[in-house]
Amino acid sequence: MIKIALAGFGTVGQGVMDLFQRRKESICERLGKEIDISYVLVRDSAKRRDIDFYGAKVVSEIRDILQDEGVKIVMEATGDIDLGYLLIKEALKKKKHVISANKSVLSLHFEELSTLAQDNEVYLLYEASVGGGTPLIKPLQDLSLHGEIRSIQAVLSGSCNYVLSKMQNEQVSYGDAIEEAKKLGYLEADPIDDVGGFDTRRKLRILSTLSFQGKIEEKDITLEGITGLMQEDISRLSQMGYAVRLVARAFKDSHSIQAAVHPAALPIGSFLGSLEGAENGVVCVGDHFGKVSFQGMGAGRYPTAHAMLSDLEDVLFSLRRKQGPPLKTDLAIVPYRKSMRFYIRSAEPMELAIDKKVDEHVWITAPVAYDKFKLALPRGAVGIAICK
Ligand SMILES: NC(=O)c1ccc[n+]([C@@H]2O[C@H](COP(=O)([O-])OP(=O)(O)OC[C@H]3O[C@@H](n4cnc5c(N)ncnc54)[C@H](OP(=O)(O)O)[C@@H]3O)[C@@H](O)[C@H]2O)c1
């Protein structure tokens with residue numbers, strides 16, 4: 001019997017249990033072995049809950065999972081940074097395979113945990129951590145093996161998509177769109193992690209590290225959220241044929257990498273510009289394979305649980321490589337200085353070459369590097385990059 005421990009029994013954890021129960025028989029048949037989720041870890045195991053645990057032992061101490069040598073796989077969906085890190089680290093040290101949805105832990109400790117997994121010859125898989133149900137990690141790992149990945153451009157925040165599409169489609173204010181998103185459960189009471197771009201930056205840290213096979217940490221990624229945008233900016237850009245989205249972008253040339261998360265005006269109807277609600281999308285360009293795009297549900301119980309179950313199959317049937325290529329050590333992280341045109345709304349004059357005046361206090365600049373543009377932007381002004 002292969003025992004599995006499931007840490008976290010909230011939105012994602014319960015989805016994992018549900019899908020596992022539906023597929024268990026088929027997996028066991030193909031595998032020729034019995035498998036079961038034997039433990040479920042929650043904060044308070046004594047709390048009465050009206051949920052079916054399918055016979056799993058409900059525990060609150062990670063040592064219950066770690067000490068059981070029959071537990072070969074830990075599926076982690078707690079979202080807790082300290083506990084998640086400790087559990088993943090200790091499980092890997094005990095040669096248990098780990099499947100995690102915890103992007104915060106992966107972003108903070110990616111290199112350490114990956115090395116630990118390799119040294120202990122076990123899997124550390126994390127498809128659900130970025131893009132929810134959209135397969136990204138596995139295909140990007142494969143693409144980067146035989147074709148140098150040159151760029152990633154992505155929309156990775158369903159909640160920001162929701163706010164921005166609501167502002168665009170229903171002409172509501174930023175504040176009203178935020179309140180609606182909170183009511184529907186798309187945003188936390190304090191939404192800064194999403195609208196400040198921090199969540200998207202974690203995901204870009206994971207995707208770009210994998211794709212470029214170098215170390216790109218959160219601090220290396222220029223960050224700008226959507227908090228400064230107003231209804232009038234979204235409407236004006238919409239009339240000009242653009243949809244505003246929070247984008248994650250990373251580029252690599254021979255020896256340098258630049259990466260950023262920022263709002264961007266994208267052509268309405270373009271692949272990334274047409275993503276709405278919880279949809280995520282990634283466009284990846286590389287040598288040999290050209291351009292590849294992925295689109296899917298970035299969050300939600302079943303899409304995310306499906307990604308974890310897909311990793312589980314790969315662990316059970318040993319379908320993945322345990323040893324990735326060595327990290328490239330000759331890559332330099334340079335400031336984000338992509339040259340683009342920018343939409344500007346400013347009450348004050350500025351020293352920037354202008355392509356076009358749109359309205360009183362509103363202009364489109366000539367192409368200018370992002371870092372130079374930011375330095376020249378007057379205080380209180382709004383600037384939105386126009387991307388292809
Ligand atoms: N929700 C999504 O759509 C989605 C999409 C992609 C990735 N993810 C990631 O998946 C993970 C889980 O998200 P979720 O939405 O399922 O969270 P959630 O609904 O808040 O559930 C969290 C679960 O983990 C347990 N837990 C949290 N801290 C714990 C601790 N210190 N000790 C023991 N148990 C603890 C909670 O226990 P109690 O039940 O006792 O409170 C709860 O069962 C997060 O890393 C999140 O970023 C989520």
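**Ligand shell, domain contact and two helices**

In this predicted model, the ligand is surrounded by 24 residues, and the closest of them are Gly8, Gly10, Arg43, Gly79 and Ala299. The shell around the ligand is made up of 11 polar, nine nonpolar and four charged residues. Helix H1, which covers residues 11-31, gives the most to this shell, contributing three residues.

Turning to the overall layout, the chain splits into three parts: domain 1 is built from two segments, 2-132 and 305-316, while domain 2 spans 137-296 and domain 3 spans 337-388. The centres of domain 2 and domain 3, taken over C-alpha atoms, lie 20 Å apart. Their contact draws on 16 residues from domain 2 and 12 residues from domain 3. On the domain 2 side, helix H10 (231-239), strand S9 (242-252) and strand S10 (256-267) each provide at least two residues. S10 makes the largest contribution to that side, with seven residues. By residue class, the side of domain 2 that touches domain 3 holds 11 nonpolar, three polar and two charged residues.

Helix H11 (residues 301-316) is worth a look next. H11 has 16 residues and runs 22 Å from its first C-alpha to its last, close to the 22 Å expected at 1.5 Å a residue. Its buried residues are Pro303, Thr304, Ala305, His306, Ala307, Met308, Leu309, Asp311, Leu312 and Val315. Among the elements that cover these buried residues are H1, strand S4 (71-76), strand S5 (97-100), strand S6 (124-125) and strand S12 (290-297). H1 thus appears twice in this account: it covers buried residues of H11, and it also gives the most to the shell around the ligand. Just after H11, serine 318 adopts a positive phi of about 50 degrees.

Helix H7 (residues 174-183) offers a second case, with Tyr174, Ala177, Ile178 and Ala181 buried. Seen down the axis of H7, these buried residues fall within an arc of 100 degrees, so they line one face of the helix. This spacing fits a general rule: an α-helix has 3.6 residues a turn, so residues three or four places apart point the same way. On the other side of H7, Gly175 and Lys183 are exposed. The buried residues of H7 pack against helix H6 (158-170) and H10. H10 also supplies at least two residues to the side of domain 2 that touches domain 3. Glycine 185, which follows H7, has a positive phi near 80 degrees.

Key: Residues are numbered from 1 along each chain as its sequence is written. This is a predicted model: local features need pLDDT of at least 70, side-chain atom pairs count only at pLDDT 80 or more; totals for chains, interfaces and linings use all residues. Domain bounds come from an automatic or database domain assignment. Two residues are in contact if their C-beta atoms, placed from the backbone, lie within 7 Å. Helices (H or I, at least four residues) and strands (E, at least two) are DSSP runs, numbered from the N terminus. Ala, Val, Leu, Ile, Met, Phe, Trp, Tyr, Cys and Pro count as nonpolar, Asp, Glu, Lys and Arg as charged, and the others, Gly among them, as polar. A residue is near a molecule or strand if its C-beta atom, placed from the backbone, lies within 6 Å of it. The expected span of a helix is 1.5 Å times one less than its number of residues. A residue is buried if 20 or more other C-beta atoms lie within 10 Å of its own, exposed if 12 or fewer, and partly exposed in between; C-beta atoms are placed from the backbone. The arc is that of the directions from the helix axis to the C-beta atoms.
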